[in-house]
Amino acid sequence: MSPFEFFFTTEEMYPYLDDAKRDGLLSLLPLSRAARIRSPRKVEDRARRLAAEVALRRVLREAGESYAHLEIAYTPTGKPYFRARPDLSFSLSHAAGMACVALVRAAGVAPRVGTDIEEIVSGDAFARRCRAADRFFSPSFMEELARTAESEKPRVFTRLWCLTEAAGKATGEGSSDFREADRLIALGESREVSYPLDSHGIRYASATVLLPPSEDSPV
């Protein structure tokens, strides 16, 4: 892939559980973005979406870009992108109490990007996730999980899940590309982050997948 700049940040959702603070921030957003954040029924889901929006604004500032001068549009499959800015691509994710944003900028057309963040769980919650692994993981990911010691499986499973989700988000095709994640990653590159316990006692893993630009896609 051609040279590019990569930016990544996270944001906790907990401050945005407060109705007054959340409504104050939403009043500053474009109506379409505010409506999208308000749409979930649960306040926790609205807080997570707002945390992702705050993270997006921060990462744009870090990149020297103006949020006010960018228009977010969506592909037919729901992947967001900046209209009329092929040199920028971004991806959002949120889970439990954390949101994250990955942003890529290139001199020409930016690589496609997908990011995912997930809580590392154990016990019954982990067992439920594992039951879905063979439907979504690539064969090589299943082999890696099988070789992993039991004590490490929750962490490794979550890492592989993040890579799988991120690959599907990078292509914009979601779950239809999940079992191809390892092949897709080989075409580009991946970046991974493992988080320590945060202030609320939750562990997270995150992965970002970057793929060469697509000729038939705006992102």
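Which residues is T208 in contact with, leaving aside its neighbours within four places in sequence? The list is F6, F8, A102, V113, G114, T115, A166, E189, S190 and R191. Keep in mind that this is a predicted model.

## T208 and S190

T208 sits in strand β8, which covers residues 204-211. Is T208 buried or exposed? Its relative accessibility is 2%, and buried means under 20%, so T208 counts as buried. One of its contacts is T115. The side chains of T208 and T115 are joined by a polar contact of 2.9 Å.

S190 is another residue on the T208 list. Strand β7, residues 189-194, holds S190. Here the relative accessible area is 30%, and S190 is partly exposed. Neighbours within four places aside, S190 is in contact with L163, I185, T208 and V209. Now look at L25. S190 and L25 are 165 residues apart along the chain, and their C-alpha atoms are separated by 33 Å.

## The largest pocket

Next comes the largest pocket. Its volume is about 510 Å³. The lining has 24 residues, and R36, G78, P80, L92 and K169 are the closest to the pocket's centre. Which elements give two or more residues to this lining? They are α2 (31-38), α3 (43-62), β4 (88-95) and α7 (153-171). Strand β4 supplies the largest share, with 5 residues. Sorted by class, the lining has 8 nonpolar, 8 polar and 8 charged residues.

L31 lies in helix α2. Its relative accessibility is 75%, so L31 counts as exposed. L31 and L92 are 61 residues apart in sequence, and 19 Å separates them in space, C-alpha to C-alpha. L92 is among the residues closest to the pocket's centre.

## Two helices of the lining

Helix α3 has 20 residues. From its first C-alpha to its last, α3 reaches 29 Å. That is close to the 28 Å expected at 1.5 Å a residue. Which residues of α3 are buried? They are R46, A47, R48, L50, A51, A52, E53, V54, A55, L56, V59 and L60. In an α-helix there are 3.6 residues a turn, so residues three or four places apart point the same way. After α3 comes G64, with a positive phi near 75°.

Helix α7 has 19 residues, which should span 27 Å at 1.5 Å a residue. The C-alpha atoms at its ends are 27 Å apart, so the span agrees. Why is α7 described as largely enclosed by the rest of the structure? The reason is that 16 of its 19 residues are buried. G172 follows α7, and its phi is positive, near 85°.

## Residues in loops

Some loop residues deserve a look. The table gives their places and their relative accessible areas.

| Residue | Loop | Relative accessible area | Class |
|---|---|---|---|
| A84 | between β3 (80-82) and β4 | 70% | exposed |
| A96 | between β4 and β5 (98-106) | 23% | partly exposed |
| S138 | between α5 (133-136) and α6 | 0% | buried |
| A149 | between α6 (139-147) and α7 | 45% | partly exposed |

What is the sign of phi in A84? Phi is positive there, about 65°, although A84 is not a glycine. A96 is also a residue other than glycine, and its phi is positive, near 50°.

S138 has a relative accessible area of 0%, and is therefore buried. Which residues does S138 touch, not counting those up to four places away in sequence? The answer is F178, R179 and D182. With D182 there is a polar contact between side chains, at 3.3 Å.

A149 is partly exposed, with a relative accessible area of 45%. How far apart are A149 and L210 in space? From C-alpha to C-alpha the distance is 29 Å, and 61 residues separate them in sequence.

Methods. Residues numbered from 1 in each chain as written. Predicted model: local features only at pLDDT ≥ 70, side-chain atom pairs only at ≥ 80, totals over all residues. Heavy atoms only, no water. 1 Å grid on protein atoms, 1.4 Å probe; cavity = no way out; pocket = protein on both sides within 12 Å on 5 of 7 lines; lining within 4 Å. Points joined across faces, edges and corners; volume = space filled by probe spheres on them. Helix = DSSP H or I, 4+ residues; strand = E, 2+ residues; numbered from the N terminus. Nonpolar A, V, L, I, M, F, W, Y, C, P; charged D, E, K, R; others polar. Expected span 1.5 Å × (residues − 1). Buried < 20%, exposed > 50% of the residue type's maximum accessible area, 1.4 Å probe, protein only. Polar contact = N/O pair within 3.5 Å; in protein donor to acceptor, adjacent residues only side chain to side chain. Contact = heavy atoms within 4.5 Å.
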